[in-house]
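The exercises below are meant to be worked with the sequence and the model open side by side. Try each task before reading the solution that follows it.

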Number of protein chains: 2
Amino acid sequence: MEDQEIRKAGLKVTVPRVKILELLETSPERHVSAEDVYKMLLAAGEEIGLATVYRVLTQFEAAGLVEKHHFEDGYSVFELNKGKHHDHIICVTCGRVEEFVDETIEKRQRIIAEELGFQISEHELVIYGKCLDKNCDCKKRGD
Amino acid sequence: MEDQEIRKAGLKVTVPRVKILELLETSPERHVSAEDVYKMLLAAGEEIGLATVYRVLTQFEAAGLVEKHHFEDGYSVFELNKGKHHDHIICVTCGRVEEFVDETIEKRQRIIAEELGFQISEHELVIYGKCLDKNCDCKKRGD
DNA sequence: GAGTGAATGCAAAAGCTTCTCATCTATTGG
DNA sequence: CCAATAGATGAGAAGCTTTTGCATTCACTC
């Protein structure tokens, strides 16, 4: 299970690494900060230091197991790498994050980069807006 | 000149504000960090505190005079608001920033937001890549 | 030109993230 | 199964960017 992925990444299979990977795979919220992970581990009764959480997430990122994003709040969020690229749309009211992929946008980006003489290594598109879903928690709470 | 814009923003016309706005208008690099601004002011012989630079830039942003962006390096960069929205492509080698606008991408974003039930307030698209321009400083330096 | 509310500078503090280092642990070979 | 060792961890210190508190100074109004 998780052990193999960690081993494949060239890392020793340790309790913190297994627990963090497990947590990323089972968390209801895919996009979590290091602090979130730390708190969830504490809540689950795991004694794992915040520094370790940062180290492990960084290693997982280097190994391609997770992706790191910089949304507008100043801290980073991590998510399990599902293998397929996608962009994000975030509700400025409730913070809900939705993912999407649009081949038209992807294609235009490649064309633009070429026109400007760049060789794309990656890109990050984030749309901010208000989610209009009546059933969203932020509507029920009225914030 | 600058005085009017500052006054229009509902702010008193002070030396720090005028100097910072001047600097943003004349700087060869459009995208600057607070630290950059601070250092440029020092270099120009101005005695303006870093805290003031942050405060002024934040006020300018609130007033719509400048825009703040979060690229991948952990700190924020500011640029003069020219009025028309644009996205960025950044060279991961030399840090050069180019701006672009693509109506196709803009349109797709509006459609995606609508489909997902969001009302767009803003968005940020950043493409990272290597610039292939032989004349770019980063090529000449060979980094 | 005086009065007042806002702006500034400095230092301290606050977030997030990384580093240091002593201690502990997973892995390997015997 | 155990010892040796390279690597991992935890706790706190430190680093960076950004914000805040407060006494002082300044811009605008009358």
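**Exercise 1: the sheet of chain B**

In this predicted model, chain B holds an open sheet of 3 strands in the order E1-E3-E2, with antiparallel pairing. Task: state which strands are the edge strands of this sheet, and how many bridges join E2(B) to strand E3 of chain B.

Solution. Begin with the order of the strands, which is E1-E3-E2 in chain B. The edge strands are strand E1 (32–33) and strand E2 (66–70) of chain B, each of which pairs on one side only. Next, follow E2(B) along its partner, strand E3 (residues 76–80) of chain B: the two run antiparallel and are joined by 5 bridges. To fix the register by eye, find B:His69, which stands opposite B:Val77 in E3(B).

**Exercise 2: the surroundings of DNA strand D**

Task: find how many residues surround DNA strand D, determine which helix gives the most to the surface near this strand, and locate polar contacts to its phosphate oxygens and to a base oxygen.

Solution. Step one is the count: 21 residues surround DNA strand D, and the closest are A:Thr14, A:Glu47, A:Thr52, A:Arg55 and B:Tyr54. Of the atoms of DNA strand D that come within 4 Å of the protein, sugar and phosphate account for 70%.

Step two concerns individual atom pairs, taken with a cut-off of 3.5 Å between N or O atoms. A polar side-chain atom of A:Thr52 lies 2.6 Å from a phosphate oxygen of DNA strand D, while B:Val13 places a backbone N or O atom 3.0 Å from a phosphate oxygen of that strand. At a base, the side chain of B:Arg55 has an N or O atom 3.3 Å from a base oxygen of DNA strand D.

Step three assigns the surface to elements: helix H2 (15–26) and helix H4 (50–62) of chain A, together with helix H4 (50–62) of chain B, are the elements that give two or more residues. H4(B) gives the most, with 4 residues. By class, the residues of this surface divide into 9 nonpolar, 5 polar and 7 charged.

**Exercise 3: the surroundings of DNA strand C**

Task: repeat the analysis for DNA strand C, stating which residues are the closest and which helix gives the most to the surface near this strand.

Solution. Here 20 residues surround the strand, the closest being A:Tyr54, B:Thr14, B:Glu47, B:Thr52 and B:Arg55. Sugar and phosphate make up 68% of the atoms of DNA strand C that come within 4 Å of the protein.

Turning to the phosphate oxygens of DNA strand C, one is 2.6 Å from an N or O atom in the side chain of B:Thr14, and a polar side-chain atom of B:Arg17 lies 3.1 Å from a phosphate oxygen. From chain A, a backbone N or O atom of A:Val13 lies 3.3 Å from a phosphate oxygen of DNA strand C.

Finally, H4 of chain A, together with helix H2 (15–26) and H4 of chain B, each supply at least two residues of this surface, and H4(A) gives the most, with 4 residues. The classes are 8 nonpolar, 5 polar and 7 charged residues.

**Exercise 4: how the two chains are related**

Task: state which rotation superposes chain B on chain A, and which residue of chain B comes closest to the rotation axis.

Solution. A rotation of 180 degrees, with 0.0 Å of shift along its axis, superposes chain B on chain A with an RMSD of 0.1 Å. The two copies are therefore related as by a two-fold rotation axis. Among the residues of chain B, B:Leu125 comes closest to this axis, with its C-alpha at 2.1 Å. As a last step, consider the interface: 100% of the interface residues of chain B are also interface residues in chain A, so the copies meet through the same surface.

Notes
Residues are numbered from 1 along each chain as its sequence is written. Chains are lettered from A and ligands numbered from 1 in the order in which they are written. This is a predicted model: local features need pLDDT of at least 70, side-chain atom pairs count only at pLDDT 80 or more; totals for chains, interfaces and linings use all residues. Side-chain values use heavy atoms; hydrogens and water are left out. A residue is near a molecule or strand if one of its heavy atoms lies within 4 Å of it. A polar contact is a pair of N or O atoms within 3.5 Å; within protein, one must be able to donate a hydrogen and the other to accept it, and residues adjacent in sequence count only if both atoms are side-chain atoms. Ala, Val, Leu, Ile, Met, Phe, Trp, Tyr, Cys and Pro count as nonpolar, Asp, Glu, Lys and Arg as charged, and the others, Gly among them, as polar. Two strands pair if DSSP finds at least two bridges between them. Copies are superposed by least squares on the C-alpha atoms of residues with pLDDT of at least 70 in both. Contact means heavy atoms within 4.5 Å.
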